[in-house]
Every structure is written in structure tokens, then in C-alpha cells.
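Here is a short briefing on one protein chain. Look over the sequence and the model first, then work through the points by topic.

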Amino acid sequence: MGIRSFTMPWEYEADVDVVVDGRTVSTLTAAVTVQLTVTALAAVVEAGRLTALTAGDAVAHGELRFRCSAPEGEHTVVERERPVDLHRELRLGGGGVALIDEARAAEEAPEAARPQ
């Protein structure tokens, strides 16, 4: 279960005018987009118990596009998305923290009554 995610976008464009006989006939634009989405905190729940907190999962997305003003058009040259491993995990000892009544009841049951 993800607790909080955020995205950091970045875009850069560069233009080149196409000039014929002293007149601009078209403009070519190269656009680079990079976006990093990070999950700041996620909870790991097993059998009704919070057993760990994880942080740092991330996905990087990048794209290179070219646009032309005349004739009008746009073409994506390359687009990629990759996971970025920033993974850190904090395991909660003692079997974790009970989140539902059934998990609490199992925790409070006498040792002899617990299944082996």
C-alpha cells in the first residue's frame, strides 16, 4: 500500500529556424522530457499485521520528441521508462503491529492455544 508518491518533471526545448532565401520557412523543435516519480513511503501488511515500512521506490521516464512548424507535425524519437532502485526497508520486529481484530486476538492468545 503506497502512502505518498510525488513526481518531479523536467523539460527542455531547443528551437532551430530553417531559413531559405532570408525567410524562415519552418522551425524545428527538439524537446527532452524527464520525469522521476518517487514513492516516499509504503506499508507492508501481512495477515492483518503491519510488518515493514519501505521507502525509495522510483520510476524514471524519459522522452525525446521533434516538432516541425511547417508542415506541422511531431514525432517521438525515443521514450523509455525504467525503475530506479532506491529501496530501503524497515522490518518491524515481533511479528509487526496488529491492524485488525483477528491479528490482535492471535497476539493475545495463550502460547499453548496457538497453532504450531
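Along the sequence, the protein follows the pattern β-β-β-β-β-α. That comes to one helix and five strands. The model is predicted. The points below cover the overall numbers, strand pairing, the salt bridges, and the aromatic and nonpolar surface.

**Overall numbers**

- The protein has 116 residues, and 18% of them count as buried.
- The exposed area is about 8,400 Å². Carbon and sulfur atoms supply 57% of that area.
- Take the contacts with a separation of 6 or more: residues 24 or more positions apart account for 57% of them.

**Strand pairing: S2 with S3**

- Strand S2 spans residues 23-46, and strand S3 spans residues 49-69.
- S2 and S3 pair in the antiparallel sense, over 17 bridges.
- Two residues lie between S2 and S3 in their hairpin.
- Ala47 sits in that turn and has a positive phi of about 50 degrees.
- Two bridge partners can serve as markers for this pairing. Ala43 has Leu53 of S3 as its bridge partner. Leu28 has Cys68 of S3 as its bridge partner.

**Strand pairing: S3 with S4 and S5**

- Strand S4 covers residues 72-91 and runs antiparallel to S3. The two are joined by 17 bridges.
- A hairpin through two residues connects S3 to S4.
- Within S4, Val84 is the bridge partner of Ala58.
- Strand S5 covers residues 97-98 and also pairs with S3 in the antiparallel sense, as S4 does. The S3 and S5 pairing has two bridges.
- Ala98 in S5 is the bridge partner of Arg49.

**Salt bridges**

- The count comes to four salt bridges.
- Glu11 forms a salt bridge with Arg65, with the closest N and O atoms 3.6 Å apart. Glu11 lies in strand S1 and Arg65 in strand S3, so this pair ties together parts that are 54 residues apart in sequence.
- How exposed are the two partners? Glu11 is partly exposed, with a relative accessible area of 45%. Arg65 is buried, with a relative accessible area of 10%.
- The side chains of Glu13 and Arg67 meet in a salt bridge at 3.0 Å, N to O. Here too the residues come from S1 and S3: Glu13 lies in S1 and Arg67 in S3, so the pair ties together parts 54 residues apart in sequence.
- Glu13 is partly exposed at 36% relative accessible area. Arg67 is partly exposed as well, at 25%.
- Arg65 also meets Glu63 in a salt bridge, at 2.8 Å, N to O. Glu63 counts as buried, because its relative accessibility is 18% and the cut-off is under 20%.
- Which residues are linked in a network of salt bridges? They are Glu11, Glu63, Arg65 and Glu74.

**Aromatic pair and nonpolar patch**

- How many aromatic pairs does a search of the whole structure find? It finds one aromatic pair. The ring centres of Trp10 and Tyr12 are 6.5 Å apart and their planes are at 10 degrees, so the pair is stacked.
- That angle falls under the 30 degrees that counts as stacked.
- Trp10 is partly exposed, with a relative accessible area of 48%.
- Tyr12 has its place in strand S1, which spans residues 2-20.
- Trp10 and Tyr12 also belong to a nonpolar surface patch, together with Val32 and Val34. The patch measures about 380 Å².
- Strands S1 and S2 each supply at least two residues of the patch.

**Recap by strand**

- S1 holds Glu11, which bonds to Arg65 of S3 through a salt bridge, and Glu13, which does so with Arg67 of S3.
- S2 supplies residues to the nonpolar patch and pairs with S3.
- S3 has pairings with S2, S4 and S5.

Technical notes. Residues are numbered from 1 along each chain as its sequence is written. This is a predicted model: local features need pLDDT of at least 70, side-chain atom pairs count only at pLDDT 80 or more; totals for chains, interfaces and linings use all residues. Side-chain values use heavy atoms; hydrogens and water are left out. Patches are made of residues with over 30% relative accessible area and no salt bridge: like charges are joined within 9 Å, nonpolar side chains (Val, Leu, Ile, Met, Phe, Trp, Tyr) within 5 Å. Accessible areas come from the Shrake-Rupley method with a 1.4 Å probe; for residues, only the protein chains shown count as cover. Helices (H or I, at least four residues) and strands (E, at least two) are DSSP runs, numbered from the N terminus. Two strands pair if DSSP finds at least two bridges between them. Buried means under 20% relative accessible area, exposed over 50%, partly exposed in between (1.4 Å probe, protein chains only). Contact means heavy atoms within 4.5 Å. Rings of Phe, Tyr and Trp (its six-membered ring) pair if their centres lie within 6.5 Å; planes under 30 degrees apart count as stacked, over 60 as edge-to-face and the rest as tilted.
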